[in-house]
Amino acid sequence: MEFIKDILGYLRHRKKYWLASLIFILLLIGFLIVFAGNSVVAPFIYTLF
């Protein structure tokens with residue numbers, strides 16, 4: 001949890017709010033790749049690449 005607090009503190013201090021959306025998108029893509037191994041969503045992820 002402290003790592004997340006450090007990242008949020010950095011974003012607030014440096015006023016780099018655009019990085020928050022980039023981090024969110026990267027996390028979302030990572031979760032899709034990890035959890036789509038044997039799921040129904042897999043064919044839809046393959047169309048993104």
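What pLDDT does the chain average, and what share of the residues score at least 70? Good morning, everyone. The structure before you is a predicted model, and I shall begin with that matter of confidence. The average pLDDT of the chain is 81, and 84% of the residues reach a score of at least 70. The confidence varies along the chain: α1 has the highest mean, at 88, whereas α3 has the lowest, at 70. As a general caution, predicted coordinates should not be read in detail where pLDDT is low.

Let me turn to the overall architecture. The chain contains three helices and zero strands. Followed along the sequence, the order is therefore simply written as α-α-α.

The helix α1 allows a small exercise in geometry. This helix has 13 residues, and at 1.5 Å a residue it should span 18 Å. The C-alpha atoms at its ends are indeed 18 Å apart, so the expectation and the model agree.

What follows just after α1? There we meet K15, which takes a positive phi of about 55°. In general, most residues other than glycine have a negative phi. K15 is not a glycine, yet its phi is positive. This residue sits in the loop that lies between α1 (2-14) and α2 (18-35). Is K15 buried or exposed? K15 has a relative accessible area of 60%, and because the cut-off for exposed is over 50%, it counts as exposed.

I now move to the surface. Of the 49 residues in the chain, 8% count as buried. The chain exposes about 4700 Å², and 74% of that area is supplied by carbon and sulfur atoms.

Which residues make the nonpolar surface patch of about 670 Å²? The patch is formed by F24, I25, L28, I29, L32, I33 and L48. Please look at L48, which is found in the segment after α3 (42-46). With a relative accessible area of 63%, L48 is exposed, because that value lies over the 50% cut-off.

To conclude, we have a predicted model of a chain with three helices, a positive phi at K15, and a nonpolar surface patch to which L48 belongs. Thank you for your attention.

Terms used. Residues numbered from 1 in each chain as written. Predicted model: local features only at pLDDT ≥ 70, side-chain atom pairs only at ≥ 80, totals over all residues. Heavy atoms only, no water. Patch = residues over 30% accessible without salt bridge, like charges linked within 9 Å, V, L, I, M, F, W, Y side chains within 5 Å. Areas by Shrake-Rupley, 256 points an atom, 1.4 Å probe, with all protein chains shown as cover. Salt bridge = Lys/Arg side-chain N within 4 Å of Asp/Glu carboxyl O. Helix = DSSP H or I, 4+ residues; strand = E, 2+ residues; numbered from the N terminus. Buried < 20%, exposed > 50% of the residue type's maximum accessible area, 1.4 Å probe, protein only. pLDDT = per-residue confidence, 0-100. Expected span 1.5 Å × (residues − 1).
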